[in-house]
Amino acid sequence: MGNRLSKIYTRTGDDGSTGLADGNRIAKNAQRVEAMGTADELNCHIGLLIEILEPDDVLIETLRRIQHHLFDLGGEFAIPGSRVIGDDHIQWLESTLDTQNEPLPPLKNFVLPGGSVAAAQCHMARAVCRRTERVVVALSHEDSINTESRHYLNRLSDLLFVIARRLARRNGGEEILWEQKKSGLQGASE
């Protein structure tokens with residue numbers, strides 16, 4: 001790849017528009033731009049999670065692969081009508097999800113974000129993933145999108161939840177479970 005950015009500021013976005021990869025310009029607050037931005041934000045949160053982990057952590061390879069997928073996903077949004085995310089991406093997520101979930105005990109209660117810094121950051125990535133999915137659903141109501149991209153985000157949020165559970169349990173740690181009696185809601189319906 002040659003020099004793609006020789007000059008960082010172009011001033012072309014000063015009017016409130018941005019360029020798509022196909023050369024078209026759209027408003028910076030368009031749903032398509034929001035989808036690109038939230039996918040980028042999710043990628044940043046996963047990058048932060050990677051930096052929190054030890055350099056030799058076995059999860060890094062999985063998380064880096066997800067980062068590449070998310071970059072491809074953003075590219076899909078930047079070129080209307082393109083398809084990069086496919087069923088093979090979803091199958092890989094499902095297989096990885098099954099492997100990561102297998103040693104975990106069944107959930108009997110809701111999990112609160114936390115347990116460790118890494119688990120909390122993974123929950124943050126999960127929440128941003130869910131927001132990205134909502135934005136993509138909104139985009140699909142106004143423009144055609146690759147449905148596999150939406151499916152990918154749905155599976156990815158599940159995988160991030162499971163990874164957060166695993167991270168919270170590392171080194172003898174525990175997940176933080178929601179307790180109704182601590183929420184102040186006990187007896188609210190009585």
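Begin by selecting helix 3 and helix 5, whose crossing is left-handed. What is on screen is a predicted model, and the tour moves from this pair of helices to their neighbours.

With helix 3 (residues 87–101) and helix 5 (residues 147–169) both shown, look along their axes, which lie 9 Å apart and pack at an angle of about 20 degrees. Because angles under 35 degrees count as roughly parallel, helix 3 and helix 5 are described as roughly parallel to each other. To see where helix 3 and helix 5 touch, display the side chains on the helix 3 side, among them D87, I90, L93, E94 and L97, and then those on the helix 5 side, including E148, Y152, R155, L159 and V162. Colouring this contact by residue class gives eight nonpolar, six polar and seven charged residues.

Next, stay on helix 5 and select E148, which is placed in that helix. The side chain of E148 is joined to that of R83 by a polar contact of 2.7 Å. If neighbours within four places in sequence are left aside, the residues in contact with E148 are R83, I85, G86, D87 and I90.

Now move along helix 5 to N154, another residue found in this helix. How accessible is N154? Its relative accessible area is 26%, so N154 falls in the partly exposed class. Show R130 and E133 as well, since N154 touches both of them when residues up to four places away in sequence are not counted. Between the side chains of N154 and E133 there is a polar contact of 2.9 Å. A distance drawn from the C-alpha atom of N154 to that of R126 should read 9.9 Å, although these two residues are 28 residues apart along the chain.

The next selection is helix 4 (residues 117–140), which packs with helix 5 at an angle of about 170 degrees, the two axes being 8 Å apart. Helix 4 and helix 5 are therefore roughly antiparallel to each other. Sorted by class, the residues of this contact between helix 4 and helix 5 comprise 15 nonpolar, five polar and five charged.

Then go to the loop between helix 5 and strand 4 (176–177) and select N171, which is placed there. The backbone of N171 deserves a look, as this residue has a positive phi of about 55 degrees although it is not a glycine. N171 also counts as exposed, with a relative accessibility of 84%.

For the last pair, turn to helix 1 (residues 31–52) and helix 2 (residues 59–78), whose axes come within 9 Å and cross at roughly 165 degrees. Helix 1 and helix 2 are therefore roughly antiparallel to each other, and helix 1 passes helix 2 in a left-handed crossing. Good residues to display are A35, A39, L42, I46 and I50, among those in helix 1 that meet helix 2, together with L63, I66, L70, L73 and F77, among their partners in helix 2. The contact of helix 1 with helix 2 is made up of 15 nonpolar, four polar and four charged residues.

Finally, clear the selections and view the whole protein, which has five helices and four strands. From the N terminus on, these elements follow one another in the order β-β-α-α-α-β-α-α-β. Of the 190 residues in the protein, 38% are buried. Among contacts between residues at least 6 apart in sequence, 71% join residues at least 24 apart.

Note on methods
Residues numbered from 1 in each chain as written. Predicted model: local features only at pLDDT ≥ 70, side-chain atom pairs only at ≥ 80, totals over all residues. Heavy atoms only, no water. Axes fitted to C-alpha atoms, helices over the stretch in contact; angles between N-to-C directions. Helix = DSSP H or I, 4+ residues; strand = E, 2+ residues; numbered from the N terminus. Parallel < 35°, antiparallel > 145°, perpendicular 65-115°, else oblique. Left-handed = near helix turned anticlockwise from the far one by under 90°. Contact = heavy atoms within 4.5 Å. Nonpolar A, V, L, I, M, F, W, Y, C, P; charged D, E, K, R; others polar. Buried < 20%, exposed > 50% of the residue type's maximum accessible area, 1.4 Å probe, protein only. Polar contact = N/O pair within 3.5 Å; in protein donor to acceptor, adjacent residues only side chain to side chain.
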